[in-house]
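Me: I'd like a close look at one part of this protein, taken slowly, with the side-chain contacts around it explained as you go.

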Amino acid sequence: MKKIIAMLLALTMVLGLAACGGSSAPAATEAPAAAAPAATEAPAAAPAGDKVAVTMIAAQYGPKTGDWWADFVTKFNAANEGIELTVDVVSWNDIYTVVNTRIANGQAPDLLNIDVFADYQADGLLLPAEEWCSAETYAKFYPAFLDQSVVDGTVWAVPDLASARAMYYNKDILEQAGVAVPTTWEELTAACKAIKEKCPDVYPWGIDMTTDEGQAAFAYYTWGNGGGFVDDNGEWILNSAENVAAVEYAVGLVNDGLTNSDPANNTRYDLQDLFCAGKLAMMIAPNALSSQAGDAGVNYGFAAIPNNTGTSVSAGVMDRIMCFDNGQSDEQMAAITAVVDAFYDDEPYSDWVLMEGFLPATSAGGEACAAADPAMGAWIDIVGSAKFYPTAKAEWADVKQGVIDVEQQALLGGNVQELLDTLQAEIAG
């Protein structure tokens with residue numbers, strides 16, 4: 001991050017222009033929804049009179065995001081005459097460049113809604129959550145979510161929303177193949193073979209090892225085999241025996257013709273389209289697939305992700321809200337807290353979560369969402385006990401890309417043990 005900012009500052013001084021396009025920001029950890037077209041980025045509006053200005057950059061999750069924030073800003077500013085809130089909604093494709101450019105130009109927003117935070121924190125750019133999040137709002141969050149933003153015992157960001165994963169399956173295809181819903185890897189392999197035999201026009205199992213979500217595949221299989229990214233002490237264990245066996249199992253499904261034909265290029269969104277077209281029997285997906293599959297008329301169900309240990313683990317994904325240290329006055333900090341409190345108020349927050357089919361990061365929001373949509377209840381139970389990527393570690397961006405590279409090289413015949421040994425050495429030394 002420091003190198004990025006230094007480079008952008010140098011370009012600014014030499015060219016006399018705002019830096020643009022020069023950022024090598026990390027790729028997004030898997031966003032809970034597909035990237036949307038970039039929203040027009042407007043400069044922060046100057047506050048009228050003696051109003052306190054609060055600026056925010058928010059990620060665009062889908063076509064409804066911009067309108068939702070515009071409505072929120074209008075209502076908030078009307079209810080808080082002394083505050084002028086401005087929110088710029090920016091697509092996932094552009095948000096890292098936009099944020100890093102503003103930081104380089106000394107125009108960091110007060111608040112930022114994005115997925116990663118560790119690089120900003122490591123560069124001393126953020127304020128601890130306790131300085132801008134009220135105790136009342138802070139108490140609403142699931143502790144497991146807050147734990148994902150802890151560095152040196154301090155919480156630096158609060159969860160915005162979440163997504164959890166489960167195994168979706170086409171009931172009609174499984175019935176035609178004469179198989180039950182698999183719960184173990186052994187049962188999964190047997191079910192895939194039966195589906196391939198009885199339903200040759202259908203892919204039995206979906207795998208995404210693309211740059212879009214290959215880190216999720218690594219999580220599903222390693223967590224399901226007792227491994228993972230880090231051990232209980234937070235140390236990297238990328239080349240553990242459990243991880244090696246997990247990647248070998250997943251690649252084996254591909255090599256045996258039991259999955260989609262090109263996992264290195266078939267994204268989750270491609271797989272979801274196949275599932276909704278009745279061409280894919282089973283896949284791991286977020287709760288948002290329920291709406292898409294229902295609209296497509298698929299007779300589907302969802303269940304725990306098959307595992308090899310006897311204990312299923314759901315993968316949780318969350319994005320965050322963080323506050324930059326811009327030397328704000330006490331009055332400005334109070335205004336920022338007012339914005340955060342208003343966003344997490346039960347009614348607007350549940351509306352925000354349900355708008356694009358996400359899951360809440362607060363217990364109160366969970367209750368409100370379940371009341372508004374009873375079908376959300378099962379998912380809220382799942383997300384409350386999910387595992388998360390170790391995004392609080394500064395090496396995460398490199399690890400994320402590293403495990404994807406390992407998977408893709410393994411698909412081409414690379415030795416998984418050697419590939420993970422190399423990655424472990426690069427990350428942990």
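Is Arg165 buried or exposed, and what is its relative accessibility? Please start there and work outwards through the contacts.

Reply: Bear in mind that this is a predicted model. Arg165 is buried, at 2% relative accessibility. That may look odd for a charged side chain, so let's see what it pairs with. Side chains of opposite charge can pair when their charged atoms come close. Here Arg165 meets Glu213 in a salt bridge, 2.8 Å from N to O. Arg165 sits in strand S6 (residues 158-170), while Glu213 is in the loop between strand S7 (203-205) and helix H9 (214-223), so this pair ties together parts that are 48 residues apart in sequence. Glu213 counts as buried as well, because its relative accessibility is 3%, and the cut-off for buried is under 20%. There is a third partner in this story: Arg165, Glu213 and Arg268 are linked in a network of salt bridges.

Now stay on strand S6, but switch from charges to rings. Tyr61 and Trp92, elsewhere, make an edge-to-face aromatic pair, 5.6 Å centre to centre with 70° between the planes. On the strand itself, Tyr168 pairs with Phe275: the ring centres are 6.3 Å apart and the planes are at 75°, so this one is edge-to-face. Tyr168 is in strand S6 and Phe275 in helix H11 (residues 268-276), which puts the partners 107 residues apart and links distant parts of the chain. Tyr168 is buried, with a relative accessible area of 0%, and Phe275 is also buried, at 0% relative accessibility. The structure holds 32 aromatic pairs.

For contrast, have a look at some charged pairs away from the strand. The structure has six salt bridges, and one of them joins Lys75 to Asp71, with the closest N and O atoms 3.1 Å apart. These two are four residues apart in helix H2 (residues 65-79), so about one helical turn separates them. Lys75 is exposed, with 55% relative accessible area, and Asp71 is partly exposed at 40%.

Another salt bridge runs between Lys140 and Asp346, whose closest N and O atoms are 3.7 Å apart. Lys140 is in the loop between helix H5 (135-138) and helix H6 (143-146), and Asp346 is in helix H14 (residues 346-355), so the pair ties together parts that are 206 residues apart in sequence. Lys140 is buried at 15% relative accessibility, whereas Asp346 is partly exposed at 33%.

Terms used:
Residues are numbered from 1 along each chain as its sequence is written. This is a predicted model: local features need pLDDT of at least 70, side-chain atom pairs count only at pLDDT 80 or more; totals for chains, interfaces and linings use all residues. Side-chain values use heavy atoms; hydrogens and water are left out. A salt bridge is a side-chain nitrogen of Lys or Arg within 4 Å of a carboxyl oxygen of Asp or Glu. Buried means under 20% relative accessible area, exposed over 50%, partly exposed in between (1.4 Å probe, protein chains only). Rings of Phe, Tyr and Trp (its six-membered ring) pair if their centres lie within 6.5 Å; planes under 30 degrees apart count as stacked, over 60 as edge-to-face and the rest as tilted.
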